[in-house]
Every structure is written in structure tokens, then in C-alpha cells.
Amino acid sequence: MVNWIRPRKPNYTAGRVVIISDDMRFTEYKYWYPLISKEVYLYNQFRARKCPLNLSVNPGFLGLKESPSGTKVMNAEQLQELANNGVEMLSHGSHHVYLNYVNVSQPLSPNDTRIYYDFYSSGFYPGLEYLIVEGEKQETFTITNVSDYASTGYIDISPPLTNSYTTNAKLSPTADTITSELQGAIDILNNLGIECKYHVNAIYANNDIAQPILENLFEAVVTRSTTPPFPYIEDINLYDIRRTKDISNYTYEDIDNYLTEVREKDTIMFVQGHGGTNKTTLSNLRYLIQKAYEMGVRIISFNEAIEYIKEVQQ
């Protein structure tokens, strides 16, 4: 006689958690995917080992060993392997381009070909068309070089500027650049057999130029980080979804408090991560999963979250 052992199944109560990690980092493949798969299977053996991890990816970097910021990235085969095992792929733009305005940090004169700014270099990418605007003055140029990737820097441009600008001037990718960067991410993933319906803003913001393009191409957009209180489902804006601070900065007390609020409100917590591998980050990730299941809070995919939000808001 065979004794059949019933697989484990969580006793869900209320609330949902969505785990998102950015930048298509190799560490997500090597560490996060196996950790989440193992922990989820311990508590929910009905998931058939489908991993509820969501990755916001920059598929324009496929074929490179590292992103321009020096981060080791996944290759196409690794990305497809994860997708085949339940990991959902979200757009992070083809090349991690920042879709908001950036302030110029030094005055500019006609014929200048170098623009200094006070922002992360990882928000720019060579070969793309940008505009500079100040009041009624506006012109476009192509980035030919980006300084070393840091928290401040400069871009080299062509053709030279025709106007002078003060530090009130702002930089932005043009509408054509934004469309190309976003549609490019969708197309590259589609060519790998991966559907892409959602986007996570690189560096957590976008401007008025990007907004209608985002709404035209995607069904939902993650915009920025926030702190509790978490909104009720009815109040979530699908084109302004907020995430928590990075999971590397959590404490166990934070996790307990976040999950308690999410369960009490029966709402959704969108968790931010960057494939961190230090002891604190991986311990927080493991504790979050264990605690969520113990409290009856579901861990779901981004798509499941969006469909649930739509259902509630109808």
C-alpha cells in the first residue's frame, strides 16, 4: 500500500507581495532565482516550482558581459531559462535610460560640445538623441560619449550647441528616443519568446514627454520608491505604482510591519531589489518569503498583481 503525502499548500488570509529586482543582473540568476524557488516550494508545493520573481531588464545589454556601469548581466539563454520557469520579465528600457529631466550643472555657451550635469551617469547612453531646454530655447543633439559611471558627470555631444544656457536648463531624451528605448525592449524580449506588458522606470521617474508614450506601450508602470502607508487596491494608479525601499535596507521589524499592514488592508506590496548578494539582503529576502507564507500573504507575479488590481477597480 502506498501512503500518499499531500503537498504543502499555504493557508492564505489576505494581502499580496510582488518581488521585483532591477537591471538584469547575473546575481539574480545565480542567487535570487534559486533562493526564491527553494523557499516558495517549501511552503507551496502546488506552484510546480514556478518562481514568483519579477525582473525589470535592459535587453539592449544582451550580448555584453557587463552593463556600462560595470554590473555583470545575464545572457539571453539565462534570461529565457528564467522566463521558462515562471520568472516574469518587465521592461526597464533597452539601455537603462532615465526618462525624466536632468539639471545642467554648469553654464553653457554656443559651440560647447560637453555638458555637465548633476545626476547618475547610468541614466544616459551614447548614440541617443536628447534635447536641452530652457524657457523658449530648445535644441537637440546626439550623445557621443558618457563620462565614467558615477553620481555626477558629463556627456559629449554632436553637433555643438547653438545657444547659451544657464544652470536652469534641463536635459531629456527626445520623444523619438524614449519610444525607441521602450519599444526596443519590448521587441527584443518578444524575439526571445518573452511577452513584455509592463515597465519599471530606470531611476524611478519620468517626465511629461515620456508619460503618454509609457501609457501607449504598457499596461502598467512602476514609477518610484515610497514608504508606508501602502495604498488600498482601489487607490493604486496603474501608471504610478510605488515600490518599497530596496530590500537590502529592510530590517526584520520592517518586514513584520509591512506584511501586517498589507494583510490588514488586503493590498499589494511591491518590493524593490537589485540582485544584492550580501548576507543582509539574502537574509531579508528569505525572511520576507517565510514570513509572508506564515502570515497567509500571497507571493505573486507582477501580472497577477495587475490583473487583481483591475478586477478590484472595475
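In this predicted model, Lys-310 is partly exposed, because its relative accessibility comes to 28%. Lys-310 forms a salt bridge with Glu-219, and the closest N and O atoms of the two are 2.9 Å apart. Lys-310 belongs to helix H7 (residues 302-313), whereas Glu-219 sits in the loop between helix H4 (210-217) and strand S11 (220-225), so this bridge ties together parts that are 91 residues apart in sequence. Glu-219 also counts as partly exposed, with a relative accessibility of 30%. The contact extends to another acidic residue, as Glu-219, Glu-307 and Lys-310 are linked in a network of salt bridges.

Across the whole structure, the search returns 11 salt bridges. One of them joins Asp-156 to Arg-114, with 2.7 Å between the closest N and O atoms. Here the partners come from two strands: Asp-156 is in S8 (residues 153-158) and Arg-114 in S5 (residues 114-117), so parts that are 42 residues apart in sequence are tied together. The two ends of this bridge fall into separate accessibility classes. Asp-156 is buried, because its relative accessible area is 14% and the limit for burial is under 20%; Arg-114, with 34%, is partly exposed. A similar description applies to the side chains of Lys-245 and Asp-254, which meet in a salt bridge with an N to O distance of 3.1 Å. Lys-245 is partly exposed, with a relative accessible area of 27%, while Asp-254 has 17% and is buried.

Attention now turns to the aromatic residues. A search of the whole structure gives 14 aromatic pairs. In one of these, Tyr-12 and Tyr-293 are tilted, with 6.5 Å from centre to centre and 35° between the planes. This pair links distant parts of the chain, since Tyr-12 lies in the segment before strand S1 (16-22) and Tyr-293 in helix H6, 281 residues apart. Tyr-12 is partly exposed, with a relative accessible area of 24%, whereas Tyr-293 is buried, with 5%. Together with Tyr-43, these two tyrosines form one aromatic cluster.

A tilted pair is also found between Phe-26 and Tyr-29, with the centres 6.0 Å apart and the planes at 35°. Unlike a pair that spans distant segments, these rings share an element: both residues lie in helix H1 (residues 26-43), three residues apart, which is about one turn of the helix. Phe-26 is buried, at 18% relative accessible area, and Tyr-29 is partly exposed, at 22%. These values fall on either side of the 20% limit, so the two residues receive separate labels. Phe-26 has a charged neighbour too, as Lys-72 lies over the face of its ring at 4.1 Å from the ring centre. An arrangement of this kind occurs at Tyr-232, where the charged end of Lys-265 sits over the ring, 5.0 Å from its centre.

The nonpolar interior comes next. The largest nonpolar core holds 75 residues, and the members that touch the most others are Ile-19, Ile-36, Ile-132, Phe-141, Ile-155, Leu-171 and Met-269. Helix H6 (residues 279-295) gives the most to this core, contributing eight residues. Another core, of 19 residues, lies apart from it and includes Val-18, Val-200, Val-222 and Phe-270. Within the largest core, Ile-36 can serve as an example. Leaving aside residues up to four places away in sequence, Ile-36 touches Ile-19, Cys-51, Pro-52, Leu-53, Leu-285 and Ile-289.

Two residues in strands complete the picture. Ser-172 lies in strand S9 (residues 170-173) and is buried, with a relative accessible area of 0%. Its side chain makes a polar contact with the side chain of Asn-207, at 3.0 Å. Beyond four places in sequence, the residues touched by Ser-172 are Asn-100, Tyr-101, Tyr-130, Leu-131, Asn-207 and Ile-209. Gly-273 is placed in strand S13 (residues 268-273) and is likewise buried, at 0% relative accessibility. The C-alpha atoms of Gly-273 and Ile-20 are separated by 6.0 Å, although the two residues are 253 residues apart along the chain. Ile-20 is also among the residues that Gly-273 touches, along with Ser-21, Asp-22, Trp-32, Asp-246 and Ile-247, when residues up to four places away in sequence are not counted.

How values were computed:
Residues numbered from 1 in each chain as written. Predicted model: local features only at pLDDT ≥ 70, side-chain atom pairs only at ≥ 80, totals over all residues. Heavy atoms only, no water. Helix = DSSP H or I, 4+ residues; strand = E, 2+ residues; numbered from the N terminus. Buried < 20%, exposed > 50% of the residue type's maximum accessible area, 1.4 Å probe, protein only. Contact = heavy atoms within 4.5 Å. Core = buried A, V, L, I, M, F, W, Y, C linked by side-chain atoms within 4.5 Å. Polar contact = N/O pair within 3.5 Å; in protein donor to acceptor, adjacent residues only side chain to side chain. Phe/Tyr/Trp six-rings, centres within 6.5 Å; stacked < 30°, edge-to-face > 60°. Lys NZ or Arg CZ within 6 Å of the ring centre and 35° of its normal. Salt bridge = Lys/Arg side-chain N within 4 Å of Asp/Glu carboxyl O.
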